[in-house]
Amino acid sequence: MGSISDHNGLQTVDISAYLHSNDPVSRKAKADELVKAIHGHGACGIVGHNIHIETWREALERSKEFFDLPLEEKRKVDHPQGTVPHRGYTGMGRESIYSKDELEAMAGNPGARADKALDWNEHYDIGSDQEPVHHNRWVDEKTMPGFREFMKDFLQKLEQLHRAVLDALLLGLEVEPSEDYFRSLHAGPQGGIRLLHYPSLLESTIDRQATTWWPPHTDFTTFTFLIRDQNQGLEIEDRSQPRTFIPATTEIRDRIWFTMGDFGEVWSNGYLPASKHRVMIPSPPPGLSTTTERFSIPYFVNPRSDDSALLITFLYDGFLFLCVDVNERENQNRPRGVSV
Ligand SMILES: O=C(O)CCC(=O)C(=O)O
Ligand SMILES: [Fe+2]
């Protein structure tokens with residue numbers, strides 16, 4: 001499939017020529033196309049990426065098997081308490097994303113937290129066993145045979161893809177090969193997958209003011225790949241019309257949605273802006289009173305933790321690129337939401 005432009009302005013880039021060609025001219029052309037697409041919306045679709053549809057279907061099926069376990073089984077792998085919670089299971093309504101405005105409004109008023117809308121999903125975070133900061137909470141092998149091996153392998157495939165996409169961005173941005181710091185920042189095992197389950201809900205019980213699947217947010221990542229089932233829900237902000245969202249449609253079955261994260265925006269000094277996105281609870285299918293459940297698997301690409309403060313600048317297309325690594329350990333541990 002060639003690259004396509006959706007009627008709604010989001011581009012979908014077929015990166016197979018980048019991954020498989022030895023021709024530097026076509027690789028550079030593809031890298032440029034990717035950078036241009038992300039520059040526009042902070043997000044784009046990616047096809048031709050080497051993650052086979054059978055593999056991602058299996059990942060979604062195994063994810064469903066996990067969420068089908070009794071709650072007491074899932075709670076055996078509950079996320080760690082404290083400042084580094086991003087591994088293991090987080091149950092329904094236990095994490096809320098707060099916007100900057102909400103956090104400001106809450107300052108000095110701890111009771112305000114109780115009024116916060118719930119993000120109605122459950123999720124299970126997995127990263128590399130080699131990653132030094134976070135520690136996996138694996139389900140017992142007897143409970144889910146093969147789950148751990150499969151997820152480790154899936155994670156590795158996504159890691160390979162993230163390195164290839166990062167290389168393409170660096171080529172597209174014309175970063176000098178001597179500035180290999182960027183590559184090395186992401187060469188380690190910091191990527192992580194999140195198995196996500198958005199439950200089916202009885203329409204009459206949904207207070208659409210108070211309940212969301214995910215409210216609008218940007219990810220605290222360099223960038224994110226979004227793998228999902230066939231059900232609609234993800235929407236990406238149209239940067240030309242702020243607060244207007246474009247459905248990230250699912251009709252191309254093996255399209256991965258790519259969203260730039262906060263660190264990626266800082267890293268590129270805004271040239272590749274962080275994508276604001278949300279996940280909406282769809283209306284029930286015609287004739288039904290309950291909404292359809294949804295499964296998705298974001299893969300978060302994070303920079304390496306590093307104790308050294310580092311500042312790198314370079315010029316591209318009249319933009320000053322800036323990368324600040326301010327003792328990232330603090331930043332990486334910043335909660336994306338608040339667990340209760
Ligand atoms: O489920 C999705 O498609 C998106 C999830 C998401 O935005 C997130 O976990 O940060
Ligand atoms: Fe997100």
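The UniProt record, in an unreviewed entry, lists residues 189-303 as "domain: Fe2OG dioxygenase". In the predicted model examined here, this stretch of the chain is 5% helix and 37% strand. The C-alpha atoms at the two ends of residues 189-303 are 9 Å apart.

**An open sheet**

Four strands form an open sheet, arranged in the order β10-β15-β12-β13, and their pairing is antiparallel. The edges of this sheet are taken by β10 (214-217) and β13 (245-247); each has a single partner strand, so one side of each is left without a neighbour in the sheet. On average, neighbouring strands are turned by 20° against each other, direction ignored. The partner of β13 is β12 (residues 234-237), and three bridges join the two strands in the antiparallel sense. Within this pairing, E235 stands opposite P247 of β13.

**Two crossing helices**

Helix α6 (residues 147-172) contains 26 residues. From its first C-alpha to its last, α6 reaches 37 Å, which is close to the 38 Å expected at 1.5 Å a residue. After α6 comes E174, a residue with a positive phi near 55°.

How do the axes of α2 and α6 cross, and how close do they come? The two axes come within 8 Å and cross at roughly 90°. Angles from 65 to 115 degrees count as roughly perpendicular, and α2 and α6 are therefore roughly perpendicular to each other. On the α2 side, the residues that meet α6 are R27, K28, A31, D32, L34, V35 and I38. Their counterparts in α6 are V165, A168, L169, L171 and G172.

**A buried and an exposed residue**

Two residues, H41 and K76, may be set side by side in the following table.

| Residue | Location | Relative accessibility | Class |
|---|---|---|---|
| H41 | helix α2 (residues 24-41) | 12% | buried |
| K76 | loop between α4 (71-75) and β4 (88-90) | 56% | exposed |

Why does H41 count as buried? Buried means under 20% relative accessible area, and H41 counts as buried because its relative accessibility is 12%. Leaving aside residues up to four places away in sequence, H41 touches G9, L10, E237, D238, R239, I246 and S275. Among these contacts, E237 belongs to the residues of β12, while I246 lies within β13.

K76, by contrast, is exposed, because its relative accessible area of 56% is over the 50% limit. K76 and V175 are 99 residues apart along the chain, and their C-alpha atoms are separated by 46 Å.

Terms used: Residues are numbered from 1 along each chain as its sequence is written. Chains are lettered from A and ligands numbered from 1 in the order in which they are written. This is a predicted model: local features need pLDDT of at least 70, side-chain atom pairs count only at pLDDT 80 or more; totals for chains, interfaces and linings use all residues. Side-chain values use heavy atoms; hydrogens and water are left out. Buried means under 20% relative accessible area, exposed over 50%, partly exposed in between (1.4 Å probe, protein chains only). Contact means heavy atoms within 4.5 Å. UniProt positions are given in the numbering used here, feature names are shortened, and annotations may be inferred rather than shown by experiment. The expected span of a helix is 1.5 Å times one less than its number of residues. Two strands pair if DSSP finds at least two bridges between them. Axes are lines fitted to C-alpha atoms, for helices over the stretch in contact, and angles run from 0 to 180 degrees between N-to-C directions. Angles under 35 degrees count as roughly parallel, over 145 as roughly antiparallel, 65 to 115 as roughly perpendicular and the rest as oblique.
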